[in-house]
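Here is a quick tour of one chain, with an eye on who pairs with whom. Have a look at the model first, then read on.

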Amino acid sequence: DCGSAENILQSGSADFVAMCRPFIMEPDIVKKWESGGQKKARCNNCSYCMFGCGHQPVRCYYGKLPKA
């Protein structure tokens, strides 16, 4: 979530925070956080988006796996 990422960066524990999977599901997530409309990513980090790599478009497949 936005608060966790910000705390990690401010504490100096990391120089950056990777958010690849949340951006696949919500490309505009940073705008949502900045506007205050949303504080947590909808992505549950299930990695289903990786099932499509190389065969299907990269997108969230949670609840419906792509056909091989």
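Which backbone atom lies 2.8 Å from a polar atom of the side chain of E26? The backbone nitrogen of R42 does. Keep in mind throughout that this is a predicted model.

**Around E26**

E26 is a good place to start. You'll find E26 in the loop between α2 and α3, and with a relative accessible area of 1% it counts as buried. Leaving out residues up to four places away in sequence, E26 touches K32, Q38, A41, R42 and C43. Two of those names, K32 and R42, come back as salt-bridge partners of E26: K32 with the closest N and O atoms 3.0 Å apart, and R42 with the closest N and O atoms 3.9 Å apart. R42 sits in the segment after α3 while E26 is in the loop between α2 and α3, so this pair ties together parts that are 16 residues apart in sequence.

So R42 meets E26 in two ways: through the salt bridge, and through the R42 backbone nitrogen, which lies 2.8 Å from a polar side-chain atom of E26.

**The salt bridges together**

How many salt bridges does the count come to? The answer is three. As a reminder of the chemistry, side chains of opposite charge can pair when their charged atoms come close. Here is the set:

| Pair | Closest N to O distance |
|---|---|
| E26 and K32 | 3.0 Å |
| R42 and E26 | 3.9 Å |
| K32 and D28 | 3.8 Å |

These pairs join up: E26, D28, K32 and R42 are linked in a network of salt bridges. How exposed are the members? E26 is buried, at 1% relative accessibility. K32 counts as partly exposed at 22%, and D28 is partly exposed too, with a relative accessible area of 38%. R42, at 52%, counts as exposed. The network therefore takes in a buried residue, E26, and an exposed one, R42.

**Q38, next door**

Q38 is one of the residues that E26 touches. Q38 lies in the segment after α3, the helix that spans 29-35. Is Q38 buried or exposed? Q38 counts as buried, because its relative accessibility is 15% and the buried class covers anything under 20%. Setting aside residues up to four places away in sequence, Q38 touches E26, K32 and W33, so K32 turns up here as a contact as well as in the salt bridges with E26 and D28. The side chain of Q38 also has a polar atom 2.7 Å from the backbone oxygen of K40.

**The cysteines**

What does the disulfide count come to? Zero. C43, one of the residues touched by E26, is in no disulfide, and the nearest cysteine sulfur, that of C46, is 6.4 Å away. C60 is in no disulfide either; for C60 the nearest cysteine sulfur is again that of C46, at 5.8 Å. Both distances are beyond the 2.5 Å within which two cysteine sulfur atoms count as a disulfide. As for accessibility, C43 counts as buried at 17%, whereas C60 is partly exposed at 24%.

**Y62**

Moving along, Y62 is also in the segment after α3. At 51% relative accessibility, Y62 counts as exposed. Which residues does Y62 contact, leaving aside neighbours within four places in sequence? They are N44, C46 and Y48. That brings C46 back into the picture, the residue whose sulfur is nearest to that of C60. For a sense of scale, Y62 and G12 are 50 residues apart in sequence and 33 Å apart in space, C-alpha to C-alpha.

**A nonpolar patch**

Finally, go back to the earlier part of the chain. I8, L9 and V17 form a nonpolar patch on the surface, and together they have about 210 Å² of accessible area. Where is V17 placed? V17 is in the loop between α1 (2-11) and α2 (20-25). V17 is partly exposed, with a relative accessible area of 32%, so it clears the over 30% that a patch member needs.

Notes:
Residues numbered from 1 in each chain as written. Predicted model: local features only at pLDDT ≥ 70, side-chain atom pairs only at ≥ 80, totals over all residues. Heavy atoms only, no water. Patch = residues over 30% accessible without salt bridge, like charges linked within 9 Å, V, L, I, M, F, W, Y side chains within 5 Å. Areas by Shrake-Rupley, 256 points an atom, 1.4 Å probe, with all protein chains shown as cover. Salt bridge = Lys/Arg side-chain N within 4 Å of Asp/Glu carboxyl O. Helix = DSSP H or I, 4+ residues; strand = E, 2+ residues; numbered from the N terminus. Buried < 20%, exposed > 50% of the residue type's maximum accessible area, 1.4 Å probe, protein only. Polar contact = N/O pair within 3.5 Å; in protein donor to acceptor, adjacent residues only side chain to side chain. Contact = heavy atoms within 4.5 Å.
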